[in-house]
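This report introduces a protein structure to a reader who has not met it before. The account moves from a term that is needed throughout to the strands, the cores and the aromatic residues.

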Amino acid sequence: MAYFARLTPHQEIELINRDRQTVITLTNSHSSQQQAQSASYTTGPWLTPPTLWRDGDRVILRIESDTPLILHLQGQAIAPLDRLPPLPNADVIPLQRRADPAPMPPMEPMQPMEPMTMGNMTMNPMQMKMGNMELRMDNATPSPGSPASQAAQFCPQCGHKSQGGDRFCRACGQSLTT
Ligand SMILES: [Zn+2]
């Protein structure tokens with residue numbers, strides 16, 4: 001079922017009951033531009049045609065169904081109400097029956113997601129380049145002959161074998177630095 005009513009010279013409401021959904025569409029038209037706002041509620045099938053009241057600048061809509069729906073419409077705002085508010089001076093807005101709109105074409109099934117690929121990026125940390133900076137892990141190991149080398153030395157005075165890094169011979173005390 002579908003009904004519509006003109007709320008103001010520039011605003012029209014359309015009420016559609018399709019399957020178990022009640023779809024309310026407010027369409028505002030001002031000269032050239034047209035704005036539409038829709039809200040959808042699960043009400044089940046309508047038991048009676050909807051009722052619209054105008055109360056001042058607000059509009060109250062009641063849908064009689066298994067799950068009754070009462071909506072407060074003001075401007076472009078659509079808000080559900082717990083119960084019908086008192087409407088002492090409200091006027092009923094006549095609703096006009098409209099031919100049911102063509103059913104929506106069935107949604108195309110979603111295509112399954114392609115597996116994620118990371119392009120040609122390879123995650124080899126030993127060769128990873130970041131801009132101009134190239135990480136080369138072999139720079140981190142000390143090269144032979146550096147001051148940190150633990151290579152053995154021999155005392156020029158007594159020939160005692162000393163550990164690298166020693167400043168004096170452990171046997172005779174001869175200075176090993178030159
Ligand atoms: Zn020595």
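A residue is called buried when its relative accessible area is under 20%, and exposed when that value is over 50%. The model described here is predicted. By this cut-off H72, with a relative accessible area of 17%, is buried. H72 belongs to strand 7. Leaving aside residues up to four places away in sequence, H72 touches R58, V59 and I60, and also A77, I78, A79 and L81.

## Overall composition

The protein has 178 residues, of which 27% count as buried. Its secondary structure consists of 14 strands and zero helices. Read from the N terminus, the elements therefore run as an unbroken series of β entries, β-β-β-β-β-β-β-β-β-β-β-β-β-β. The protein exposes about 13,200 Å², and carbon and sulfur atoms supply 55% of this area. Among contacts with a separation of 6 or more, 39% join residues that are 24 or more positions apart.

## Strand pairing

Strands of a sheet pair through backbone hydrogen bonds, in either the parallel or the antiparallel sense. Strand 2 and strand 3 are antiparallel and share eight bridges; within this pairing, Q11 has N28 of strand 3 as its bridge partner. Strand 3 in turn pairs with strand 4, again in the antiparallel sense, over ten bridges. There T22 stands opposite Y41 of strand 4.

Five further strands make up an open sheet with antiparallel pairing, in the order 8-7-6-5-9. Strand 8 (77-81) and strand 9 (91-92) are its edge strands, each pairing on one side only. Within the sheet, strand 5 and strand 6 are joined by five bridges in the antiparallel sense. Two positions of strand 6 illustrate this: R62 stands opposite T51, and R58 stands opposite D55. Strand 6 and strand 7 also pair in the antiparallel sense, over five bridges, and L73 in strand 7 is the bridge partner of V59.

Several of these pairs are hairpins. Strand 6 is joined to strand 7 by a hairpin of five residues. The table lists three hairpins that have two residues between their strands, each with a residue of positive phi.

| Hairpin | Residues between the strands | Residue with positive phi | Phi |
|---|---|---|---|
| Strand 2 and strand 3 | two residues | D19 | about 55 degrees |
| Strand 3 and strand 4 | two residues | S31 | near 45 degrees |
| Strand 5 and strand 6 | two residues | G56 | near 65 degrees |

## Nonpolar cores

In soluble globular proteins, nonpolar side chains tend to be buried together. The largest nonpolar core of this model has 19 residues, and those with the most contacts inside it are I13, I24, L52, L61, L71, L73 and I78. At least two residues of this core come from each of strand 1 (2-8), strand 2 (11-18), strand 3 (21-30), strand 4 (33-42), strand 6 (58-63) and strand 7 (69-74).

Which residues does I24 touch, not counting residues up to four places away in sequence? They are I13, E14, L15, Q37, S38, A39, Y41, L61, L69, L71 and I78. Apart from the largest core lies another core, of five residues, which include W53, I60, L87 and A90.

## Aromatic residues

A pair of aromatic rings is described by the distance of the centres and the angle of the planes. The structure holds one aromatic pair. Y3 and W46 form this pair, which is tilted, with 6.1 Å from centre to centre and 35 degrees between the planes. Because Y3 lies in strand 1 and W46 in the loop between strand 4 and strand 5 (51-55), the pair ties together parts that are 43 residues apart in sequence.

Are the two partners, Y3 and W46, buried or exposed? Y3 has a relative accessible area of 8% and is therefore buried. W46 also counts as buried, because its relative accessibility is 7%.

Another aromatic residue, F4, has a charged neighbour over its ring: R98 lies over the face of F4, at 4.0 Å from the ring centre.

Conventions: Residues numbered from 1 in each chain as written. Predicted model: local features only at pLDDT ≥ 70, side-chain atom pairs only at ≥ 80, totals over all residues. Heavy atoms only, no water. Core = buried A, V, L, I, M, F, W, Y, C linked by side-chain atoms within 4.5 Å. Buried < 20%, exposed > 50% of the residue type's maximum accessible area, 1.4 Å probe, protein only. Helix = DSSP H or I, 4+ residues; strand = E, 2+ residues; numbered from the N terminus. Contact = heavy atoms within 4.5 Å. Areas by Shrake-Rupley, 256 points an atom, 1.4 Å probe, with all protein chains shown as cover. Phe/Tyr/Trp six-rings, centres within 6.5 Å; stacked < 30°, edge-to-face > 60°. Lys NZ or Arg CZ within 6 Å of the ring centre and 35° of its normal. Pairing = 2+ DSSP bridges.
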